Amino acid sequence: MVQLQRPPYVYMNGRITSWDDATIHVGSEALIRGVSVFEGIKGYWQKDERTFCLLALREHFDRLCRSARLLHLPFDMTYDDFFIACSKLVKLLLVPGKDLWLRPTLAAVEGHWGLGTVTDLIITAYTQEQQRPAPIDVGISTWQRSGDASLPARIKSASNYQVGRLARIEGRRQGFSDMVLLNQWGRVSEATGSCVLLVRNKGVITPTTAEGCLESITVNIIESLCKSLNIPFIRRPVDRTELYIAEEICLAGTLAELAPVCKVEYVTMQNQSPVFQSIADTFWDIVRGIRKHEDVTLTAL
Ligand code: PMP
């Protein structure tokens, strides 16, 4: 589990401010109804030991815009201004040799039931060690992922994470590091902060967004890597029972990266995960600037 610090600076109200001054009003819809959308963006310290790059910045900005539009949150910032805002904060918080995880949040700071909504872009960033994810145990939650007609999973909104939070608390009591959420049809949707991928017959399978998952940027990257590595990749509904017989399982997301699953509920996976290992090795080389891939963009700051 990622440890978050209290960094000295935050981006808020169009400028850098100190952590202690970065406050939000008690009357804001962001606080009262959890009206905000956000992104998690990973920045990688490069192998050349002097460059720092954000992974898929444009894709994250585009998804933030889509989430804002779906929740009727005004957001007219350009990509260039978003880039500048991120760079200002990164320049202050970057520690050479370490990575950063940026969390831009568009919060409704004024308005009532969608009338007179005013938003503010807040960016926090947290230092991370350069570390590949260790294998994890996952459970299957009794809490259910909401559907498109209740809380659409493709909106990366704060409120969408309430069920994930309940699932994590449930999982912690049972000794699991993360939990898989099923959807209203009892099929696999996603984990609390990442997507679920499995290997069957040496091909990678992941549920479609219609199964209740976020439109994941990492999964898109993995799909491109699979194409280059000649590994079959398919998006289709995944039954719960497929988790118990999968050859390999991994959780994928900006923060999770490609985390191998060593146990799902009561089923221990085989020790080796050759398919995900080769994808993860390629992913790692690309994000560290060791090799390039035409579908994966790194933005130097
Ligand atoms: N599902 C959920 C619920 C998430 O929070 C995340 C992390 N953003 C993902 C999936 C993976 O999305 P991405 O690869 O774009 O980070």
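Trainee: Why is Arg 235 called partly exposed?

Mentor: In this predicted model, Arg 235 has a relative accessible area of 34%, and since the label buried needs a value under 20% while the label exposed needs one over 50%, a value in between is called partly exposed.

Trainee: What makes the pairing of Arg 235 with Glu 223 a salt bridge?

Mentor: The closest N and O atoms of Arg 235 and Glu 223 are 2.7 Å apart, and the cut-off for a side-chain nitrogen of Arg and a carboxyl oxygen of Glu is 4 Å, so the pair counts as a salt bridge. This pair links distant parts of the chain, with Arg 235 in strand E13 (residues 233-235) and Glu 223 in helix H5, 12 residues apart. Glu 223 is also partly exposed, because its relative accessible area is 31%.

Trainee: How do you know whether Glu 242 is buried or exposed?

Mentor: The relative accessibility of Glu 242 is 7%, and the limit for buried is under 20%, so Glu 242 counts as buried.

Trainee: Which residues form salt bridges with Glu 242?

Mentor: Glu 242 forms a salt bridge with Arg 200, where the closest N and O atoms are 2.7 Å apart. That pair joins distant parts of the chain, as Glu 242 sits in helix H6 (residues 240-245) and Arg 200 in strand E11 (residues 195-200), 42 residues apart. Arg 236 forms a salt bridge with Glu 242 too, and there the closest N and O atoms are 2.8 Å apart. Arg 200, at 28%, and Arg 236, at 24%, each count as partly exposed, because both values fall between the limits of 20% and 50%. Elsewhere, salt bridges that share partners join Lys 42, Asp 99, Glu 257 and Arg 288 into one network, and a search of the whole structure finds 18 salt bridges.

Trainee: What makes the phi of Asn 201 worth pointing out?

Mentor: Most residues other than glycine have a negative phi. Asn 201, however, has a phi near 50 degrees, a positive value in a residue other than glycine. Asn 201 lies in the loop between E11 and strand E12 (203-206), and it is exposed, because its relative accessibility of 68% is over the limit of 50%. Asn 230 can be described in a similar way, with a positive phi near 60 degrees, a place in the loop between H5 and E13, and a relative accessible area of 70%, which means that it is exposed.

Trainee: How do you know that polar side-chain atoms of the protein make contact with the ligand?

Mentor: The cut-off for a polar contact is 3.5 Å between N or O atoms, and the distances can be set against it one by one. A polar side-chain atom of Tyr 161 lies 2.4 Å from an oxygen atom of the ligand, one of Thr 254 lies 2.6 Å from an oxygen atom of the ligand, and one of Glu 190 lies 2.7 Å from a nitrogen atom of the ligand. Each of these distances is within 3.5 Å, and therefore each pair counts as a polar contact. The protein covers 95% of the 380 Å² of accessible area that the ligand has on its own. Helix H5 (217-229) and strand E14 (248-253) are the elements that give two or more residues to the shell around the ligand.

Trainee: How many residues surround the ligand, and of what kinds are they?

Mentor: The ligand is surrounded by 15 residues, and the closest are Arg 63, Tyr 161, Ser 216, Thr 218 and Thr 254. The shell divides into 5 nonpolar, 7 polar and 3 charged residues.

Trainee: Why can Val 26 belong to a surface patch?

Mentor: A residue in a patch needs over 30% relative accessible area, and Val 26 has 61%, so it passes that limit and is also called exposed. Val 26, which is found in the loop between strand E2 (15-18) and helix H1 (29-32), makes a nonpolar surface patch of about 320 Å² together with Leu 31 and Ile 32.

Technical notes:
Residues are numbered from 1 along each chain as its sequence is written. This is a predicted model: local features need pLDDT of at least 70, side-chain atom pairs count only at pLDDT 80 or more; totals for chains, interfaces and linings use all residues. Side-chain values use heavy atoms; hydrogens and water are left out. Patches are made of residues with over 30% relative accessible area and no salt bridge: like charges are joined within 9 Å, nonpolar side chains (Val, Leu, Ile, Met, Phe, Trp, Tyr) within 5 Å. Accessible areas come from the Shrake-Rupley method with a 1.4 Å probe; for residues, only the protein chains shown count as cover. Helices (H or I, at least four residues) and strands (E, at least two) are DSSP runs, numbered from the N terminus. Buried means under 20% relative accessible area, exposed over 50%, partly exposed in between (1.4 Å probe, protein chains only). A residue is near a molecule or strand if one of its heavy atoms lies within 4 Å of it. A polar contact is a pair of N or O atoms within 3.5 Å; within protein, one must be able to donate a hydrogen and the other to accept it, and residues adjacent in sequence count only if both atoms are side-chain atoms. Ala, Val, Leu, Ile, Met, Phe, Trp, Tyr, Cys and Pro count as nonpolar, Asp, Glu, Lys and Arg as charged, and the others, Gly among them, as polar.
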